[in-house]
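Me: I would like to go through this model with you and ask, for each term, what justifies its use.

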Amino acid sequence: MNDTAAPAPPSPSSELRAALSEAGLRAGVADTEAGNLVRIAPLDPVDAQQLARLIRTGTKRAFKAARALREICAGYRIDLPGLRVRQGRIALGPIQVDDAARLARLLNAVPPATEQPDTDAAPDADTVRAMLTQAFPQATGCGALSVSVREHTPDLLDLGSIDARTARRLIRALQF
């Protein structure tokens, strides 16, 4: 058995320095004195413009998918006020239980069977969470969506984040 330890991962500053260098950008990158932040030295204006283009290009798909998802949900009167692109993923954020139930029904979710069905009663947060958890992967052909009930706000669910590809599949599922 080999007792050599795996090499430590590169520091965030060295990763950023390498990525900027690979992109042909000249920028000084260093850890701050506190050690918990990375500092980028002032950039040449041409390099700053190129860095901005690279960031936009790298996030274009996620922003485009987020915009389309926001629009299709608005068309169904589903409010996703926390929908944001974060770290290249689309964070869906908080959603009212009624909106989440509407989303689940659009994804062909089947409410769990109850002993005494009451068609007029709105489903509770746990029921809607279960419906979304079941329907999302079937509708998108992708993995599960993180859905949790807010502990002190029972009329809100928190939806996790998805990548742009999954968002496009969700959009297609909502279109048909």
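Reply: Please bear in mind that this is a predicted model. A good place to begin is helix α2, residues 45-75, whose 31 residues reach 42 Å from the first C-alpha to the last, close to the 45 Å expected at 1.5 Å a residue.

Me: What makes α2 kinked, and where is the kink centred?
Reply: The bend at a residue is the angle between axes fitted to the seven residues ending there and the seven starting there, and in α2 there is a kink of about 50° centred on Thr 59.

Me: Why are residues such as Asp 47 and Leu 51 of α2 called buried?
Reply: The word applies under 20% relative accessible area, and Asp 47 and Leu 51 are listed as buried in α2, as are Ala 62, Ala 65, Ala 66, Leu 69, Ile 72 and Cys 73. The buried residues of α2 pack against α1 (12-22), β3, β4, β6 and α5.

Me: What makes the approach of Asp 44 to Val 46 a polar contact?
Reply: The cut-off for a pair of N or O atoms is 3.5 Å, and at the start of α2 a side-chain oxygen of Asp 44 comes within 2.9 Å of the backbone nitrogen of Val 46, so the pair satisfies this distance limit.

Me: Why is the sheet called open, and which strands stand at its edges?
Reply: Its four strands, paired antiparallel, follow the order β3-β4-β6-β5. At the edges stand β3 (84-86) and β5 (147-149), each with a single partner strand, so one side of each is left without a neighbour in the sheet.

Me: How do you know that β5 pairs with β6?
Reply: Pairing requires at least two bridges, and three bridges join β5 to β6 (residues 156-162), so the requirement is met; in one of them, Val 147 has Leu 159 of β6 as its bridge partner.

Notes
Residues numbered from 1 in each chain as written. Predicted model: local features only at pLDDT ≥ 70, side-chain atom pairs only at ≥ 80, totals over all residues. Heavy atoms only, no water. Helix = DSSP H or I, 4+ residues; strand = E, 2+ residues; numbered from the N terminus. Expected span 1.5 Å × (residues − 1). Buried < 20%, exposed > 50% of the residue type's maximum accessible area, 1.4 Å probe, protein only. Contact = heavy atoms within 4.5 Å. Polar contact = N/O pair within 3.5 Å; in protein donor to acceptor, adjacent residues only side chain to side chain.
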